[in-house]
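Visitor: Please give me a close look at one part of this model: how its helices and sheets fit together. I am in my first year, and plain words would help me a lot.

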Amino acid sequence: MSDKIEVLAVAPLMPFLMDQLRAEYTVHDRIHVSDPDAFAAVAPRIRGVVANGEAKVPRELIAKLPALEVISVFGVGYDGVDVAAAHERGVPVTNTPEVLNDDVADLAIGLLLSIARRIPQADKFVRAGSWLNGPIPLARKATGARLGIVGIGRIGQAIADRAKAFRMDISYTARSPRAGVPYTYYPNAEALAAAVDFLVVITPGGAATRGMIDAKVLKALGPQGYLINVARGTVVDQPALIAALQAGDIAGAALDVFVDEPNVPAVLREMNNVVLTPHIGSGTRQTREAMGQLTFDNLRAHFAGQPLLTPVAS
Ligand code: 8YV
């Protein structure tokens, strides 16, 4: 046995992060799932957990790690981590805010343009040779449209910054009006949806927002309205969304996140009024490397007895 600090990776991590971790620590890669006996043997020695945005670190897992000192999440979202259970034990949780704001905002705008202008559908149209039979149907103008943002945190504001260049009429909902945010406030998602053409969801996942975008919100968005989700699949009531798309209650949806990733319901995959991407909000080399570095630096700061760079608040 080496005297390296032992950490548990609870999710598949990017190779550049894994290499960095392995150079400094003994990394047990998801053995709590793949090899429970081996996990039971090393669990008392594990001092750090490394997760990603989709990973689960429930209370039961934390309880099995008596020496746990820190949980470092590769992602801004940490809804899979039982932060209360960690903090009860005095275990800090860190995430990777800021470094991915631009990428997620870029993707939100990209998805908005894709569903409005039907870019993936147009691409398929050309590839299939359908252009030879006549023009593709007209699309929906994006510039100047009314944009509603559900969640006006750092990424929500980065989306709004970009939407300004498209001369959009911007409004938002959040738990309360945000000081210094110059856009129109609505007290809930339903009121916001009724007032906009495009509803972009970028609020944290977890119990507080589960199913927030429900049948009523979709009905309020209306048959000319589009939903864009770059947050968490759980924020949208997925069966209600499928029903709304089928019934024409909304015009279309562009989704980067789903309830049970990587499983996307076949019925959704067969629809023509959707654009679907595989949770790529932060998925550029530049941003993932920055996230990996921050994930690693938080861990290293902890074990060096230095202040954490980006701890999650209680
Ligand atoms: C994932 C994310 O962490 O930041 C988040 O909350 O959802 C993503 O950046 C990323 O896909 C790695 O799993």
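Guide: Here is a walk through the sheets, the helices that pack around them, and a few backbone details.

This is a predicted model, in which local features need pLDDT of at least 70 and side-chain atom pairs count only at pLDDT 80 or more, while totals for chains, interfaces and linings use all residues. Residues are numbered from 1 along each chain as its sequence is written, and side-chain values use heavy atoms, with hydrogens and water left out.

Let us start with the overall layout. The domain assignment gives domain 1 (6-98 + 286-303) and domain 2 (101-276); such bounds come from an automatic or database domain assignment. Taken over C-alpha atoms, the centres of the two domains are 32 Å apart. Their contact takes eight residues from domain 1 and eight residues from domain 2, where contact means heavy atoms within 4.5 Å.

Now find the open sheet of five strands, ordered S2-S1-S3-S4-S5 with parallel pairing. Strands (E, at least two residues) and helices (H or I, at least four) are DSSP runs, numbered from the N terminus. Two strands pair if DSSP finds at least two bridges between them. Strand S2 (26-29) and strand S5 (93-94) are the edges, and each has a single partner strand, so one side of each has no neighbour in the sheet. Strand S1 (residues 6-9) pairs with S2 in the parallel sense over four bridges, and Leu 8 has His 28 in S2 as its bridge partner.

Two helices pack on this sheet. Helix H13 (residues 285-303) touches S1, S3, S4 and S5, and its direction makes about 170° with that of S4. Helix H1 (residues 15-24) lies across S1, S2, strand S3 (46-52) and strand S4 (70-74), running at about 135° to S2. For such angles, axes are lines fitted to C-alpha atoms, for helices over the stretch in contact, and the angles run from 0 to 180 degrees between N-to-C directions.

These two helices also meet each other. Two packed helices are described by the angle between their axes and the distance between the axes. For H1 and H13, the angle is about 20° and the axes are 9 Å apart. That makes H1 roughly parallel to H13; angles under 35 degrees count as roughly parallel, over 145 as roughly antiparallel, 65 to 115 as roughly perpendicular and the rest as oblique. Their crossing is right-handed, a word used if the near helix is turned clockwise from the far one by less than a right angle, with left-handed used if anticlockwise. H1 brings Phe 16, Leu 17, Gln 20, Leu 21 and Glu 24 to the contact, and the residues from H13 include Gly 292, Phe 296 and Leu 299. By class, the contact of H1 with H13 has five nonpolar, four polar and four charged residues. Here Ala, Val, Leu, Ile, Met, Phe, Trp, Tyr, Cys and Pro count as nonpolar, Asp, Glu, Lys and Arg as charged, and the others, Gly among them, as polar.

Next, move to helix H6 (residues 101-117). Its axis comes within 8 Å of that of helix H8 (residues 154-165), and the two cross at roughly 50°. H6 and H8 are therefore oblique to each other, and their crossing is right-handed. Among the residues in contact are Val 104, Ala 108 and Ile 109 of H6, with Ile 155, Ala 158 and Ile 159 of H8. The contact of H6 with H8 has eight nonpolar, one polar and four charged residues.

H6 also packs with helix H7 (residues 119-127), at about 55° and with the axes 6 Å apart. That makes H6 oblique to H7. Leu 113, Ser 114 and Arg 117 in H6 meet Ile 119, Pro 120 and Gln 121 in H7.

There is also an open sheet of seven strands, S8-S7-S6-S9-S10-S11-S12 in order, with parallel pairing. Strand S8 (184-186) and strand S12 (274-276) are its edges, each pairing on one side only, and the twist averages 20° from one strand to the next. Helix H11 (residues 238-247) lies across strand S10 (226-229), S11 and S12, at about 140° to S11.

Finally, look at two loops. The peptide bond from Glu 261 to Pro 262 is cis, with omega near 5°, and Pro 262 is in the loop between strand S11 (252-255) and helix H12 (266-269). Arg 30 is not a glycine, yet has a positive phi of about 55°; Arg 30 is in the loop between S2 and helix H2 (31-34).
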